[in-house]
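Reader: Hi! I am new to reading protein structures. Could we go through this one together, one question at a time?

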Amino acid sequence: MAANGMNNGATGRNGLAKIHTEKRADEVCHDDSTTPMKAQTIDELHSLQMKKSAPTTPLNGIQGPFAEEERTKQQLQSISASLASLTRETGPKVVRGDPASKSATPRVVSHHHHHHVSPTISVSDSSLKFTHVLYNLSPAELYEQAIKYEKGSFISSSGAIATLSGAKTGRSPKDKRVVRDETTEHDLWWGKGSPNIEMDEQTFMVNRERAVDYLNSLDKVFVNDQFLNWDPQNRIKVRIVSARAYHSLFMHNMCIRPTAEELENFGTPDFTIYNAGQFPCNRYTHYMTSSTSIDLNLARREMVILGTQYAGEMKKGLFSVMHYLMPKRQILSLHSGCNMGKDGDVALFFGLSGNVSSGTGKTTLSTDHNRYLIGDDEHCWSDNGVSNIEGGCYAKCIDLSREKEPDIWNAIKFGTVLENVVFDEHTREVDYSDKSVTENTRAAYPIEYIPNAKIPCVASHPRNVILLACDAFGVLPPVSKLTLAQTMYHFISGYTALVAGTEEGIKEPQATFSACFGAAFIMLHPTKYAAMLAEKMQKHGATGWLVNTGWSGGRYGSGSRIKLAYTRKIIDAIHSGSLLKAEYKRTEVFGLEIPTAVEGVPSDILEPMNTWTDKKAYKETLLKLGGLFKNNFGGFVAHKIGEDDKLTDEILAAGPVF
């Protein structure tokens, strides 16, 4: 409509100028009026706003609304069975939908008999109530749930949801337990140095009952049915039952999201997590050392979380499970990033938690916008090649900047979970440098938020295996080429500096060794994973590299951090193959082959001794670090690799020599 201003001075009522409209030759005067609304009430009007999504596949020849009803019934029976308590003969009555929504009427009720039948002790109020199941909600639905019902959940200026994990802002490795039974007694790594702290079946069941009773007492629970491992031949079906929308959205992002059709035919999960993290365990229960307990039962294929709401426990708990299940299929599970060049060359990145501002740089360096991202943290190496275990990325956010890490910065948008960050109360802009809540601030986003992610996340066999160390002592070279035995030695050692905030109670960086660059998550003895890695590297002709992203010119506190730009140049030279052609010289003590030149990197920093002004202090520090390596490796000497122990001797000889 073209309003043409005043009508040549003509006046209307109250002396105001008359306005008239005129239809210009090239325009149409539109009429916006339409037929009256069909709805008679506001509620009716609202009911027209949302349409129902229809199922995509018929069920055993049943079609139409009956198929959907039957499918919902089967789904709910499965969930009821998952939530069955051992002191009652049946699972809870479950119904789909939000109890707060008027439309969530109990359409299908499941009162499913569980395979563990115990006599009914007594009928409690819980048998009279419905538990509402919010099943595989979309990110938009989970946002609404979090913002309505979870204190501390807000939409940030970028569209990501910012939330809090409560008192625990990192993992609690000392509170993780694994059931020791006939299944695990001989398979798992137990004892000194092992992350597997034992508990018995009975104690697990006590904690499971506590978690299930808590979840059943709630009006609603969130249920995610998802996959792990992009290799379709070896994927695992997981179910996550949780009390918080934040946990459901976190796992929606971190696991592989099923298509509608895959979800309809999901069936019984291979593994179930009961996340009752708001509820503490009973500290007087046998094996408990605090009110937090994260318990794995590999025979029952279940995990229970009590007393911590840190979402990373679910992610890493499932990773531990994969470290057990995959090697049984002769598949190597790896705590690594992985990317692929335009010509198909694949690289694995090993390194402990963090980004380059405060860790080894595994996430940052594997997220390279010149290469396809396969994944940033967890992978499987099978006869088919490499596959990502997860469907998302979990990046540290402390000191995150658009300039240094543009891909991670741009991935923080609608659908992303921001954990424990601080933001402006008015603009909702996040201050990534603020450590008020914790230094371990995190972002969890679907992998497709990285523009160059390769979907599906699978690749061929790796050409390069890159071990990243953040050397706080400042004596390891920025890059060295490793022999196969040295690769095994440094893989089993898993050296870096543990940085504040990733775990409870760590404030200052300190030298640490984490077998296979992920000792907290491995289930078998480190030498088993190392032997599998050696065999695969040999078979597929991969080269091992040790890259130091830590200090140069002095130890932490006196030297300076190696520039990210230099590390990227080194990594580029590894990818392109040019570093294989470089001239090399051998270092003292560690016997590492270091290149004399790398394009774009100042040559003087390639030999660490050159950057230290105090050469005596350098030698003392080098010997000290060599000693720490030797002491750490003492724990692995008794375990033999290879049929004639030849490989064991070679690996030992590849360590520091004084």
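Reader: Which elements cover the buried residues of α12?

Author: Keep in mind that this is a predicted model. In α12, the buried residues are Leu564, Thr567, Ile570, Ile571, Ala573, Ile574 and His575. An α-helix has 3.6 residues a turn, so residues three or four places apart point the same way. What covers the buried residues of α12 includes one helix entry, α8 (362-366), along with the strands β14 (332-340), β15 (346-350), β25 (464-469), β26 (479-482) and β29 (543-548).

Reader: How far apart are the end C-alpha atoms of helix α12?

Author: Let's start from the expected span. Helix α12 covers residues 564-576, which makes 13 residues, and at 1.5 Å a residue they should span 18 Å. The model agrees with this, because the end C-alpha atoms of α12 are 18 Å apart.

Reader: And which residue just after α12 takes a positive phi?

Author: Look just past the end of the helix, where phi is about 90 degrees. The residue there is Gly577.

Reader: Now the open sheet, please. Which strands stand at its edges?

Author: Nine strands form this sheet, in the order β3-β4-β9-β10-β11-β13-β12-β7-β8, and their pairing is mixed. A strand at the edge has a single partner strand, so one side of it is left without a neighbour in the sheet. The strands in that position are β3 (93-96) and β8 (198-199).

Reader: Inside that sheet, what is the bridge partner of Thr272 in β13?

Author: Strands of a sheet pair through backbone hydrogen bonds, either parallel or antiparallel. Here β11 (residues 271-276) and β13 (residues 302-306) run parallel, and five bridges join them. In β13, the partner of Thr272 is Glu302.

Reader: Why does Cys338 have no disulfide bond to its closest cysteine?

Author: A disulfide needs two cysteine sulfur atoms within 2.5 Å. The closest cysteine sulfur to that of Cys338 is in Cys457, and this is too far for a bond because the distance is 9.7 Å.

Reader: How many disulfides does the structure hold, then?

Author: Cys338 is buried, with a relative accessible area of 0%, and Cys255 is buried as well, at 1%. As for disulfides, the number in the structure is zero.

Reader: To finish, what percentage of the protein's residues count as buried?

Author: Some background on the whole chain helps. The protein has 15 helices and 33 strands. Among its contacts between residues at least 6 apart in sequence, 72% join residues at least 24 apart. Of the 658 residues, the share that count as buried is 56%.

Note on methods:
Residues numbered from 1 in each chain as written. Predicted model: local features only at pLDDT ≥ 70, side-chain atom pairs only at ≥ 80, totals over all residues. Heavy atoms only, no water. Helix = DSSP H or I, 4+ residues; strand = E, 2+ residues; numbered from the N terminus. Buried < 20%, exposed > 50% of the residue type's maximum accessible area, 1.4 Å probe, protein only. Contact = heavy atoms within 4.5 Å. Expected span 1.5 Å × (residues − 1). Pairing = 2+ DSSP bridges.
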